[in-house]
Amino acid sequence: MSTSAKLDTKLQEEKKALFIDADPEIRAMLANIFDPLVWSVRHAPDNKTALTLASATHFDFILTSEKTSGKQDVELLRQIRSVRPHTRLIILADQSTPADVIASIREHAFSYFSKPFSLPTLVDMVLTAAEAPCWDDGIEVKSATPDWIRILARCDLKTAERLIQFMREIADLPEPERDAVAMAFREILMNAIEHGGHFRADQYVDISYVRAKHMVMCRVKDPGEGFTLDEIEHAAIANPEEDPLRHFSYRAAKGLRPGGYGVLLVQKLVDELIYNERGNEVLLVKYLDVAPVEH
Amino acid sequence: MPLDSSVPVRTLTLDTFPWEDATVVRCSGRLTVETSQALKMKVKPLLPDRRRVILDLTHLVQMDSSGLGVLVALYISAKGAKCELELVNLSPRVRELLGLTNLLRIFEDCARNGTRFP
């Protein structure tokens, strides 16, 4: 291949990333992810400069500063997408409200992290954003207030991971309850997209999240035919307590992958796990300890 | 399981090395639906030829029910191969998940040497 042909190839394949006022730890993380042979990286000191740059040039990926608020970054995203509708942007925020997170989903943010956030989780999300072959959101807000949200999510793993991160940000809960609800929601969502949606990108899971004073509730409805809890001998929930491995023989006989602990785990993480008659719709309820009201 | 082949598996890193009479597999990152098959594919072939395999979970930051399932599958395979499978350095979170699913006593048996592992 001639030198000019190589350059042409490089030019065709080069992607552009824009990082806004990234601190040293974030910069180091990004430097490990974005191969300079593939990515051309620009830095902007603030949102105003970033908007100017993004208006002039298409960036395949943008990461906002963790020093700005969620509200400021959602506004930046809205302005960028009005001229660059396919921009893939992850919001880092130092201040955030559930309303900001909902606004970011409506404006098609790729993901959202408010302080304090897990750097490994952010790394995973940046990798997902950087590697996704094309930008097709897969998350649609049907209706939303900070207390009651309804979302449709496409049946694929990457969309599920994005949605779980958004829900972690929306859930205004104490840490132990937030972790338990997030894990239970993740298990049920993964079940729904695997067993209900069969990882088909034309299938969607219907999700509602309700935050009341004394409880939080998630409803997950998958597009599948459903099942009956009484008939799932391949799941650990059917095991007697003294024999937690019994279902493995059923799974082996049916050629199923190792597993079957999801429903049992969810049952232990939340206070109520309620299936509808068909078994394709489930409610998770977690009750919250509330300090007594002084009269 | 029809996993999306484009899902990166690098979020689980597996380092294997000998230690005393055992083979150690150090697991770092996430043991989840996206990555758990990588652990199974790495460890299962070791079992017939080893007397003892140690899974060091010090740097495991996340585990889900698929990860639990693979740990149990490896435990069953190890028993069949007459290999001793040990889990060491369980985080409080991993220990909690094993407890919630009634698996702790199974892995407590095989993790009895955990506190002696460097």
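# A tour of the A–B interface, its pockets and a cavity

Let's begin with the charged pairs: 4 salt bridges are counted between chain A and chain B. Please keep in mind throughout that this is a predicted model.

**Stop 1: a salt bridge.** Select A:Arg186 and B:Asp64 and show their side chains. These residues form a salt bridge, with the closest N and O atoms 2.6 Å apart. Now look for polar contacts along the interface of chain A and chain B, where 7 residue pairs qualify, both partners having pLDDT 80 or more.

**Stop 2: the side of chain A that touches chain B.** Next, colour four helices of chain A: α6 (119-131), α7 (157-170), α8 (175-196) and α10 (262-269). These are the elements that give two or more residues to the side of chain A that touches chain B. Of that side, α8(A) provides the largest share, with 6 residues. Try colouring by residue type here: the side of chain A that touches chain B has 13 nonpolar, 2 polar and 13 charged residues.

**Stop 3: the whole interface.** Zoom out to see both chains. In all, 28 residues of chain A are in contact with 34 residues of chain B. Between them the chains bury about 2700 Å², and 64% of this is on carbon and sulfur atoms. Which three residues of chain A supply more of the area that it buries against chain B than any other three? Select A:Leu157, A:Pro258 and A:Tyr261: together they supply 18% of that area.

**Stop 4: the largest pocket.** Switch on a surface and centre the view on A:Ser118, A:Thr121, A:Gln165, A:Arg168 and B:Gln62. Among the 49 residues that line the largest pocket, these lie nearest its centre. The pocket holds about 1300 Å³ of space. Both chains take part in the lining: β5 (111-114), α6, α7 and α8 of chain A each supply at least two residues, as do β3 (52-63) and α3 (92-100) of chain B. Highlight α7(A) here, since its 8 residues make up the largest share of the lining of the largest pocket. By type, this lining divides into 20 nonpolar, 13 polar and 16 charged residues.

**Stop 5: the second largest pocket.** Here the space comes to about 790 Å³. To find the second largest pocket, select A:Asn191, A:Glu194, A:His195, A:His234 and A:Val263, the closest to its centre of the 39 residues that line it. Then add α8, α10 and β11 (281-287) of chain A and α2 (65-80) of chain B, each of which supplies at least two lining residues. The largest share of the lining of the second largest pocket, 9 residues, belongs to α8(A). The lining has 15 nonpolar, 15 polar and 9 charged residues.

**Stop 6: inside chain A.** How many cavities of 30 Å³ or more does a search of the whole structure find? The search finds 3. The largest cavity has a volume of about 80 Å³. Hide the surface and select its lining, which includes A:Ile164, A:Met167, A:Arg168, A:Val181, A:Phe185, A:Tyr209 and A:Cys218. Both α7 and α8 of chain A supply at least two of the lining residues, and α8(A) gives the largest share, with 4. What is the mix of types in this lining? There are 9 nonpolar residues, no polar ones and 2 charged ones.

**Last look.** Leave A:Arg168 selected before you close the viewer: it is one of the residues lining the largest cavity, and it is also among the residues nearest the centre of the largest pocket.

Note on methods
Residues numbered from 1 in each chain as written. Chains lettered and ligands numbered in written order. Predicted model: local features only at pLDDT ≥ 70, side-chain atom pairs only at ≥ 80, totals over all residues. Heavy atoms only, no water. Contact = heavy atoms within 4.5 Å. Buried area = accessible area lost by both parts, 1.4 Å probe. Polar contact = N/O pair within 3.5 Å; in protein donor to acceptor, adjacent residues only side chain to side chain. Nonpolar A, V, L, I, M, F, W, Y, C, P; charged D, E, K, R; others polar. 1 Å grid on protein atoms, 1.4 Å probe; cavity = no way out; pocket = protein on both sides within 12 Å on 5 of 7 lines; lining within 4 Å. Points joined across faces, edges and corners; volume = space filled by probe spheres on them.
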